[in-house]
Amino acid sequence: MQKKFTLLMSTVLVLILAACSGSTESEGDSIETITFSDAGWDSQRIHNQIAGTIIENGFDYETDVTTGSSPAVVQGLRQGDIQVMMEFWVDNMQEEYDEAIEKGEIKEASVNFDDNKQGYWVPTYVIEGDEERGIEPMAPDLKTVADLKKYPELFQDPEDPDKGRVYGSPSGFAADKMLEPKLDAYNLDNFNYFRPGSSAGLATSLADAYEAGDAWVGYYWSPTWVTSVFDITLLEEPEYNEEQFKENYGTEIPPTRVTVAVHSDLPDQAPEVYDFLQNYETSNKLTQSALGYMKKNEATAEEAAHWWLKEHEDLWTEWVSEDVVKKVKDAI
């Protein structure tokens with residue numbers, strides 16, 4: 001996949017899109033370069049590379065990547081400056097998604113995966129111990145988020161020792177509005193909700209505790225390298241109930257549909273590529289396998305994608321013709 005990146009700032013994008021209706025290359029009935037979106041997370045980059053490798057080598061198109069915030073790249077997709085978004089987290093932008101489909105600006109090619117998980121996690125050794133590391137179980141009866149009420153001292157807040165600390169999401173995450181109310185829903189008045197400054201800060205807080213064998217409880221989501229590399233357990237919540245969830249978020253967070261979305265012109269401009277993307281379907285586990293490989297081997301997204309294509313040949317070869325399969329296998 002080409003290593004050409006365009007940094008797309010939201011304000012600049014709006015000005016450009018106001019001046020033109022889309023890139024000249026994507027006008028008409030054909031296209032030479034297919035541009036993917038990169039909103040800044042590794043799983044999307046890996047899926048870009050998996051699909052891009054197949055498209056470049058199997059269908060003989062050039063590929064490119066446009067980088068920006070989620071709102072910016074979605075706007076680019078709607079306007080046709082971007083052709084493919086391999087991970088559209090629909091629930092996070094439901095209104096924009098529905099509007100873009102209704103207006104005929106984008107099409108849903110497929111559901112990439114919809115079995116992801118998010119909520120409050122603890123290192124598994126907190127519950128079960130870790131004999132190899134000499135760690136005894138710290139909270140063997142901890143199963144649910146509500147059970148945390150019994151363990152404020154174990155998860156002590158260093159800034160407020162009389163209470164426990166739950167690590168939430170950074171401000172601005174869609175999950176943030178759900179997470180703090182959960183403390184009230186489960187009567188966790190002996191815990192404080194702490195917002196890390198960034199997703200990197202959240203990952204570091206877990207990694208530091210994990211390396212030291214300390215107790216930690218906080219928000220995370222999958223698929224990520226964190227949930228792939230670390231042995232952590234998602235604390236249980238009541239089964240999702242829409243009415244209860246709307247009232248106080250006092251149930252599990254339902255999985256998010258993560259779709260492959262394309263600009264509405266793509267089916268006419270590159271029908272064979274669109275057919276391929278309609279077959280593109282992975283899972284939380286399959287995506288995490290690539291993220292884990294990437295982290296453990298300090299690999300690039302491209303290297304992880306090529307590893308994934310070799311590791312899961314039985315899957316992706318069902319998405320395309322035998323001729324395309326041969327071209328891609330020869331290339332990698």
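## The annotated domain

UniProt, in an unreviewed entry, lists residues 33-311 as "domain: ABC-type glycine betaine transport system substrate-binding". The model shown here is predicted. Over residues 33-311, helix makes up 41% of the chain and strand 22%. The C-alpha atoms at the two ends of this stretch lie 28 Å apart.

## The chain as a whole

The protein chain holds 15 helices and twelve strands. Its C-alpha atoms fill a box of roughly 65 × 45 × 35 Å along the principal axes. The radius of gyration is 22 Å. A compact globule of 332 residues would come near 20 Å, so the chain agrees with that expectation.

Of the 332 residues, 52% count as buried. The accessible surface comes to about 15900 Å². Carbon and sulfur atoms account for 45% of that surface. Many contacts link distant parts of the sequence: among contacts with a separation of 6 or more, 73% join residues 24 or more positions apart.

## Helix 6: a buried side and an exposed face

Helix 6 spans residues 176-185. Its buried residues are Asp176, Met178, Leu179, Lys182 and Leu183. They sit on the same side of helix 6, because they cover an arc of only 165 degrees around the axis. An α-helix has 3.6 residues a turn, so residues three or four places apart point the same way.

What do the buried residues of helix 6 pack against? Four strands take part: strand 6 (118-123), strand 8 (160-167), strand 9 (191-194) and strand 10 (218-221). Helix 9 (242-248) joins them. The face turned away from the buried side carries Lys177 and Asp184, which are exposed. Just after helix 6, Asn187 takes a positive phi of about 55 degrees.

## Helix 13: another one-sided helix

Helix 13 covers residues 301-311. Ala301, Glu302, Ala304, Ala305, Trp308 and Leu309 are its buried residues. Their arc around the axis is only 160 degrees, which puts them on the same side of helix 13. The cover over these residues includes helix 2 (42-59), helix 12 (284-296) and helix 14 (313-316).

## Arg78: a buried charge with two partners

Arg78 lies in helix 3, residues 70-79. Is Arg78 buried or exposed? Its relative accessibility is 12%, below the 20% cut-off, so Arg78 counts as buried.

Two glutamates meet its side chain. The side chain of Glu99 makes a polar contact with that of Arg78 at 2.7 Å. The side chain of Glu105 does so at 2.5 Å. Leaving out residues up to four places away in sequence, Arg78 touches Glu96, Glu99, Ala100, Lys103, Glu105, Ile106 and His263.

## Tyr97: buried in helix 4

Tyr97 is found in helix 4, residues 94-102. Its relative accessibility is 2%, so Tyr97 counts as buried. Which side chain makes a polar contact with the side chain of Tyr97? The partner is Glu108, at 2.8 Å.

Beyond four places in sequence, Tyr97 touches Phe88, Val90, Ile106, Glu108, Thr259 and Ala261. Ile106 is also touched by Arg78. Trp41 is 56 residues away from Tyr97 along the chain, and their C-alpha atoms are separated by 19 Å.

Terms used: Residues are numbered from 1 along each chain as its sequence is written. This is a predicted model: local features need pLDDT of at least 70, side-chain atom pairs count only at pLDDT 80 or more; totals for chains, interfaces and linings use all residues. Side-chain values use heavy atoms; hydrogens and water are left out. Buried means under 20% relative accessible area, exposed over 50%, partly exposed in between (1.4 Å probe, protein chains only). The arc is that of the directions from the helix axis to the C-beta atoms. Contact means heavy atoms within 4.5 Å. A polar contact is a pair of N or O atoms within 3.5 Å; within protein, one must be able to donate a hydrogen and the other to accept it, and residues adjacent in sequence count only if both atoms are side-chain atoms. The radius of gyration is taken over C-alpha atoms; the globule rule is 2.2 Å times the number of residues to the power 0.38. Accessible areas come from the Shrake-Rupley method with a 1.4 Å probe; for residues, only the protein chains shown count as cover. UniProt positions are given in the numbering used here, feature names are shortened, and annotations may be inferred rather than shown by experiment.
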